[in-house]
Amino acid sequence: TLSLMEDPVILFTNAASSLERTALDTWLEKCPKRDPVTNLEHGDPLRYIPNRGLRDAIEHWRKVNGWVDADEPRRREEAERRRREQQERDEAERERARRAELERQEAERRQREQKERDEAER
């Protein structure tokens with residue numbers, strides 16, 4: 001984006017690049033499996049985590065250097081909105097995985113019970 005990062009994230013690829021979340025989200029909406037740095041296609045949709053260390057270093061640099069940016073409140077609000085949306089997506093994915101595991105366990109339980117009934121009938 002050629003701007004000082006507001007909400008840096010680390011992309012889970014071999015390149016392990018740090019990118020601005022809003023720019024990466026825009027890219028991943030169009031190309032969810034393509035690395036924006038290397039342009040390589042991956043088998044699964046790409047994921048990322050916050051780069052808190054870089055964010056803190058940028059914040060420190062801003063304070064030390066008196067950096068003032070008129071668009072900062074808007075960008076921070078947008079970054080926070082995107083962070084919340086990602087948290088909601090992650091939570092929904094964890095909930096889907098939890099439900100799938102419960103369904104798998106229930107199916108196993110029913111199979112065991114059926115097997116026990118079959119053995120008892122013999």
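Which residue forms a salt bridge with Glu-80, with the closest N and O atoms 2.8 Å apart? The partner is Arg-83. This comes from a predicted model, and the report below follows its salt bridges, its largest pocket, a surface patch and some loop residues.

## Salt bridges

The structure holds 23 salt bridges. Several involve helix H3, which spans residues 72–121.

Start with Glu-80. Its bridge to Arg-83 stays within helix H3. The two residues are three apart in that helix, so about one helical turn separates them. Glu-80 also meets Arg-84 in a salt bridge, at 3.8 Å from N to O. Here too both residues lie in helix H3, this time four residues apart, again about one turn of the helix. Salt bridges that share partners also build one network from Asp-25, Glu-29, Glu-78, Arg-81, Arg-82 and Glu-85.

How exposed are the residues of the Glu-80 to Arg-84 pair? Glu-80 has 31% relative accessibility and counts as partly exposed. Arg-84 is partly exposed as well, with a relative accessible area of 40%.

Arg-82 and Asp-25 make another bridge, with their side chains meeting at 3.7 Å, N to O. This pair links distant parts of the chain. Arg-82 sits in helix H3 and Asp-25 in helix H1, with their positions 57 residues apart in the numbering.

Are these two partners buried or exposed? Arg-82 counts as buried because its relative accessibility is 13%, under the 20% cut-off. Asp-25 counts as buried too, at 7%.

The three bridges described here are set out below.

| Salt bridge | N to O distance | Location |
|---|---|---|
| Glu-80 and Arg-83 | 2.8 Å | helix H3, three residues apart |
| Glu-80 and Arg-84 | 3.8 Å | helix H3, four residues apart |
| Arg-82 and Asp-25 | 3.7 Å | helix H3 and helix H1, 57 residues apart |

## The largest pocket

How much space lies in the largest pocket? The volume is about 360 Å³. Its lining is made of 15 residues. Those nearest the centre are Leu-28, Leu-46, Arg-47, Gln-86 and Arg-89.

Which helix gives the largest share of the lining? Helix H3 does, with seven residues. Helix H1 (21–30) and H3 each supply at least two.

What is the chemical make-up of the lining? Nine of the residues are charged, five are nonpolar and one is polar.

Arg-47, one of the residues nearest the pocket centre, also has a neighbour from another part of the chain. The C-alpha atoms of Arg-47 and Thr-13 are 8.5 Å apart, although 34 residues separate the two along the chain. Thr-13 belongs to the loop between E1 and E2. Thr-13 counts as buried, at 12% relative accessibility.

## A nonpolar patch on the surface

Leu-4, Trp-61 and Trp-67 make a nonpolar surface patch. The patch covers about 280 Å². Trp-67 is found in the loop between helix H2 (52–65) and helix H3. Trp-67 is partly exposed, with a relative accessible area of 39%.

## Loop residues with positive phi

Which loop holds Ala-16? Ala-16 is found between strand E1 (8–11) and strand E2 (18–20). Ala-16 is not a glycine, yet its phi is positive, at about 45 degrees. At 43% relative accessibility, Ala-16 counts as partly exposed.

Asn-39 also has a positive phi, near 65 degrees, and is likewise a residue other than glycine. Asn-39 lies in the loop between H1 and strand E3 (48–50). Its relative accessible area is 44%, so Asn-39 is partly exposed.

## A separation in space

Ala-16 can also be set against Arg-104. The C-alpha atoms of this pair are 34 Å apart, and the residues are 88 apart in sequence. Arg-104 is found in helix H3. Arg-104 is partly exposed, with a relative accessible area of 39%.

Key: Residues are numbered from 1 along each chain as its sequence is written. This is a predicted model: local features need pLDDT of at least 70, side-chain atom pairs count only at pLDDT 80 or more; totals for chains, interfaces and linings use all residues. Side-chain values use heavy atoms; hydrogens and water are left out. Patches are made of residues with over 30% relative accessible area and no salt bridge: like charges are joined within 9 Å, nonpolar side chains (Val, Leu, Ile, Met, Phe, Trp, Tyr) within 5 Å. Accessible areas come from the Shrake-Rupley method with a 1.4 Å probe; for residues, only the protein chains shown count as cover. Buried means under 20% relative accessible area, exposed over 50%, partly exposed in between (1.4 Å probe, protein chains only). On a 1 Å grid over the protein atoms alone, a cavity is a set of points where a 1.4 Å probe fits but cannot get out, and a pocket is an open set with protein on both sides within 12 Å along at least five of seven lines; lining residues have an atom within 4 Å of a point. Grid points are joined across faces, edges and corners, and a volume is the space filled by probe spheres set on the points. Ala, Val, Leu, Ile, Met, Phe, Trp, Tyr, Cys and Pro count as nonpolar, Asp, Glu, Lys and Arg as charged, and the others, Gly among them, as polar.
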